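Please look over the sequence and the model below before reading on. The paragraphs that follow go through it part by part, moving from charged pairs to a sheet and then to aromatic rings.

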Amino acid sequence: MAAELRTYGDTSIKESVLQQIELLTALEDNLLTTFSKSPAQNTVHSSLTETLRTPASQAVAESAVATLLARTTPVRVTNLTEIVAIPFGISGTQRAVSHFDYADEYTHQAEKAMLEWKNAAEFDLVRSTLVSGASGTAPKMTGVISSVSTNATAETSGTIFSESIMNGLLQLTWTNSNGEVATDFYVGAQIKRKISGFAGRTGSQTVTKDMMTAVNSIDFYISDFGEHRVHLHRFVFQAGTDATQRFLAIRPEKYSVAYLREPFLQELGKTGDFDQSQVIGELTLETKNERTACYASGYHLTS
């Protein structure tokens with residue numbers, strides 16, 4: 001047997017990758033694709049909000065002289081546009097050699113950069129806090145979490161997230177927005193699992209028509225304030241970054257993504273034996289009624 005040629009140690013054997021390249025980083029673009037789109041005219045983007053009088057009796061006596069009521073004008077809600085860019089460069093040699101599953105490295109990297117741009121834009125739509133851009137710093141928008149002020153709550157660190165807490169937060173949105181409650185929950189894995197155990201659920205339940213599938217997940221939740229969709233989102237809570245679990249509930253139609261420049265592939269100047277480009281775009285978050293949203297943090301990481 002020692003004289004027989006074996007495969008072990010033969011470096012000339014072509015490795016098999018099954019002509020498949022697995023994308024290890026998932027694409028997260030729920031808000032970027034769900035929110036409506038609107039144009040931005042300037043780097044400072046404003047929208048207007050208007051309110052009605054607080055409902056109350058306005059009964060008057062017969063033949064009474066009209067008493068004028070105080071009126072209000074619209075209020076500006078302002079945000080800044082943020083430039084999001086994913087630059088990349090490919091050497092001439094790298095473009096010349098052959099690769100598994102794709103012909104041209106530049107095209108491959110451009111496609112990846114487009115997906116990475118969407119992830120980066122989504123990340124800041126959720127988590128960004130306002131930066132003015134003065135003194136050469138990169139301007140940043142106010143993201144969804146930072147836009148919530150009326151119904152923002154910071155629980156005592158270590159508070160156990162519960163169904164009663166969640167319904168209390170929903171009641172806040174219903175009360176403070178005059179009846180327009182948050183319809184969509186955006187949560188990390190731990191809070192998603194907690195919600196799936198609400199309403200007296202324990203363990204798996206068979207709920208499909210053929211009764212052959214065990215289901216232990218809730219994607220829709222019906223509260224006293226209406227129907228709510230539950231979304232698992234990687235950017236609302238990030239392990240190793242956020243000290244506590246977080247809960248975000250919004251009404252998507254109250255937000256828009258305003259583009260000053262929609263994302264596009266921009267070729268950069270050639271300064272050597274390489275091609276360089278970037279995917280670049282400029283956008284901001286338009287908030288139409290933050291009172292319909294709620295955000296709470298401070299919940300125990302694992303309970």
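In this predicted model, Glu 282 has a relative accessible area of 7%, which is under the 20% that marks a residue as buried, so Glu 282 is counted among the buried residues. The side chain of Glu 282 meets that of Arg 261 in a salt bridge, with 3.2 Å from N to O. Glu 282 belongs to strand S13, whereas Arg 261 belongs to strand S12, which covers residues 255-267, so this salt bridge ties together parts of the chain that are 21 residues apart in sequence. Arg 261, unlike its buried partner, is partly exposed, because its relative accessible area is 30%.

This pair is one example of a kind of contact of which the structure holds 13, namely salt bridges. Side chains of opposite charge can pair when their charged atoms come close. Another example is the salt bridge between Arg 95 and Asp 275, whose closest N and O atoms are 2.9 Å apart. Here the link is between distant parts of the chain, since Arg 95 sits in helix H2 (residues 92-96) and Asp 275 in strand S13 (residues 274-287), with the two positions 180 residues apart in sequence. Arg 95 is partly exposed, at a relative accessible area of 30%, and Asp 275 is likewise partly exposed, at 23%. Both residues also take part in something wider, for salt bridges that share partners join Arg 95, Asp 104, Lys 270 and Asp 275 into one network.

A further salt bridge brings together the side chains of Lys 192 and Asp 219, at 3.6 Å from N to O. Lys 192 lies in helix H6, which runs over residues 189-196, while Asp 219 lies in the loop between strand S8 (214-215) and strand S9 (220-223), so that parts 27 residues apart in sequence are tied together by the pair. Is each partner buried or exposed? Lys 192 is buried, with a relative accessible area of 10%, whereas Asp 219 is partly exposed, with 44%.

Lys 192 leads on to the helix that holds it, because H6 has further buried residues: Gln 190, Ile 191, Ile 195 and Ser 196 are buried there together with Lys 192. What do the buried residues of H6 pack against? They pack against helix H5 (163-176) and against three strands, S6 (184-187), S10 (226-232) and S11 (245-250).

Those three strands, S6, S10 and S11, are members of an open sheet of 6 strands, which follow one another in the order S5-S14-S11-S6-S10-S9 with mixed pairing. At the edges are S5 and S9, each of which pairs on one side only. Between neighbouring strands of this sheet the average turn is 20°, with direction ignored. Within the sheet, S11 pairs with strand S14 (residues 294-299) in the antiparallel sense, over 5 bridges, and the partner of Ala 249 in such a bridge is Cys 294 of S14.

Cys 294 also appears among the contacts of Asn 151, which, apart from neighbours within four places in sequence, touches Leu 172, Thr 173, Asn 176, Arg 291, Ala 293, Cys 294 and Tyr 295. Asn 151 lies in the loop between helix H4 (144-147) and strand S5 (152-159), and with a relative accessible area of 1% this residue is buried. From Asn 151 to Leu 170 the separation is 19 residues in sequence and 9.3 Å in space, taken from C-alpha to C-alpha.

The last topic is the aromatic rings, of which the structure holds 8 pairs. In one of them, Phe 161 and Tyr 299 have ring centres 5.0 Å apart and ring planes at 75°, so the pair is edge-to-face. Phe 161 lies in the loop between S5 and H5 and Tyr 299 in strand S14, so this pair ties together parts that are 138 residues apart in sequence. Both Phe 161 and Tyr 299 are buried. Another pair is formed by Trp 174 and Phe 225, whose ring centres are 6.0 Å apart and whose planes stand at 40°, so this pair counts as tilted. Trp 174 is in helix H5 and Phe 225 in the loop between S9 and S10, so parts 51 residues apart in sequence are tied together. Trp 174 is partly exposed, with a relative accessible area of 43%. Finally, ring pairs link Phe 161, Phe 185, Phe 198, Phe 247 and Tyr 299 into a cluster.

Methods:
Residues are numbered from 1 along each chain as its sequence is written. This is a predicted model: local features need pLDDT of at least 70, side-chain atom pairs count only at pLDDT 80 or more; totals for chains, interfaces and linings use all residues. Side-chain values use heavy atoms; hydrogens and water are left out. A salt bridge is a side-chain nitrogen of Lys or Arg within 4 Å of a carboxyl oxygen of Asp or Glu. Helices (H or I, at least four residues) and strands (E, at least two) are DSSP runs, numbered from the N terminus. Buried means under 20% relative accessible area, exposed over 50%, partly exposed in between (1.4 Å probe, protein chains only). Contact means heavy atoms within 4.5 Å. Two strands pair if DSSP finds at least two bridges between them. Axes are lines fitted to C-alpha atoms, for helices over the stretch in contact, and angles run from 0 to 180 degrees between N-to-C directions. Rings of Phe, Tyr and Trp (its six-membered ring) pair if their centres lie within 6.5 Å; planes under 30 degrees apart count as stacked, over 60 as edge-to-face and the rest as tilted.
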